Amino acid sequence: MSIVLLYILLPLVFLIHDLEEIVMRMHCMPHIVRLVSSRFPRITPIIRHLQNISTRNFIIIIIEEFLLIIVALAVFLYDIPYPLLALFWGFSIHLFVHIAQAIVIRRYVPGLITSLLFLPYCAMGGVHLIQRYGLDLNMLLAVIGFAIVVTNLLIMHRIMRK
C-alpha cells in the first residue's frame with residue numbers, strides 16, 4: 001500500500017468508525033449508562049451527557065471533525081504533512097480509548113469493532129511515521145493530535161449542549 005494512500009484514507013476510515021458509533025450508540029447507551037453509573041458514579045454526568053446528545057447533533061459533531069480532517073488532508077497534499085499526521089495520531093489514540101473503555105466496563109462500546117479492525121491500519125501508519133520522522137517528533141505529534149481531538153470534542157459537545 002502506498003504510504004500516501006494510507007493517509008489519504010484517513011477521512012474514509014474516520015467515517016466508517018463514526019458510522020459504527022452512530023448506528024450503535026442509541027441501542028447501547030442505556031445499558032452502558034446503567035453499568036457505568038453503578039461502577040463509576042463520578043463519571044455518571046459525562047456518560048449521561050453522551051447518552052442525551054441527539055443523533056442529529058452527534059452527526060453535526062462528526063461532520064465538523066470530518067471537515068477538520070479534510071482541511072488537514074488538503075494541506076498534506078500541498079506538502080505540509082504535520083496537521084494530518086497529528087490528526088492521524090489523535091485518531092489512532094482515540095481508537096485505543098474505545099478499546100480501553102470496553103476492557104474497563106467488560107462490554108461492547110460503540111466504535112469497538114472498527115477500533116479493533118483499524119488497528120493494523122494505525123500500526124502501519126505509526127511504524128511509517130516513526131521510521132520517517134523519528135520517535136521524538138511522533139511523540140509530539142501524538143500529544144498535539146490527541147489534544148486537538150479532545151479539545152475539539154469538548155468544544156463541539158459544549159456547543160451542542162446549548
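## Two loop residues with positive phi

Asp79 is out in the open: its relative accessible area is 70%, over the 50% cut-off, so Asp79 counts as exposed. This is a predicted model, by the way, so read every value here as computed from predicted coordinates. Asp79 sits in the loop between α4 (55–77) and α5. Its backbone is worth a look too, since phi of Asp79 is near 70°, a positive value in a residue that isn't glycine.

Arg106 tells a similar story in another loop, the one between α5 and α6 (112–117). Here phi is positive at about 55°, and again Arg106 is not a glycine. With a relative accessible area of 68%, Arg106 is exposed because that figure is over 50%.

## The main nonpolar core

Now for the inside. The largest nonpolar core has 26 residues, and the members that touch the most others are Tyr7, Leu10, Leu84 and Tyr121. Five elements each give two or more residues to this core: α1, α2, α4, α5 and α7. The top contributor is α5, with eight residues.

Leu10 is a handy place to start if you want to trace the packing. Skipping residues up to four places away in sequence, Leu10 touches Ile69, Leu84, Leu87, Phe88, Phe91 and Tyr121. There is also a second, separate core of eleven residues, and its members include Cys28, Ile32, Ala102 and Val109.

## Helix α3 and what it packs on

Which residues of helix α3 (residues 44–52) are buried? They are Thr44, Ile47 and His49. These buried residues of α3 pack against two other helices, α2 (10–39) and α7 (119–161).

## A buried acid in α2

Asp18 belongs to helix α2, and electrostatics folks may want to flag it. Asp18 is buried but has no salt bridge. How far away is the nearest side chain of opposite charge? That side chain is Arg25, at 9.7 Å from Asp18, while the salt-bridge cut-off is 4 Å.

So who does Asp18 touch? Leaving out neighbours within four places in sequence, Asp18 is in contact with Ile62 and Glu65.

## Val104 in helix α5

Val104 is part of helix α5, which covers residues 82–105. Is Val104 buried, exposed or partly exposed? At 42% relative accessibility, Val104 falls between the 20% and 50% cut-offs, so partly exposed is the label.

Once neighbours within four places in sequence are set aside, the contacts of Val104 are Arg39 and Phe40. Val36 is another residue to check against Val104: the pair is 68 residues apart along the chain, with 9.7 Å between the C-alpha atoms.

## A nonpolar patch on the surface

Back on the outside, five residues make up a nonpolar surface patch: Val4, Leu5, Ile8, Leu77 and Tyr78. Together they have about 510 Å² of accessible area. Helix α1 (residues 3–8) gives the most to this patch, with three residues.

Leu5 is one of the patch members, and it lies in helix α1. Its relative accessibility is 38%, which means Leu5 counts as partly exposed. That value also clears the 30% needed to join a patch.

Methods. Residues are numbered from 1 along each chain as its sequence is written. This is a predicted model: local features need pLDDT of at least 70, side-chain atom pairs count only at pLDDT 80 or more; totals for chains, interfaces and linings use all residues. Side-chain values use heavy atoms; hydrogens and water are left out. Helices (H or I, at least four residues) and strands (E, at least two) are DSSP runs, numbered from the N terminus. Buried means under 20% relative accessible area, exposed over 50%, partly exposed in between (1.4 Å probe, protein chains only). Contact means heavy atoms within 4.5 Å. Patches are made of residues with over 30% relative accessible area and no salt bridge: like charges are joined within 9 Å, nonpolar side chains (Val, Leu, Ile, Met, Phe, Trp, Tyr) within 5 Å. Accessible areas come from the Shrake-Rupley method with a 1.4 Å probe; for residues, only the protein chains shown count as cover. Lys and Arg count as positive and Asp and Glu as negative; His and the chain ends are not counted. A nonpolar core is a set of buried Ala, Val, Leu, Ile, Met, Phe, Trp, Tyr and Cys residues joined through side-chain atoms within 4.5 Å.
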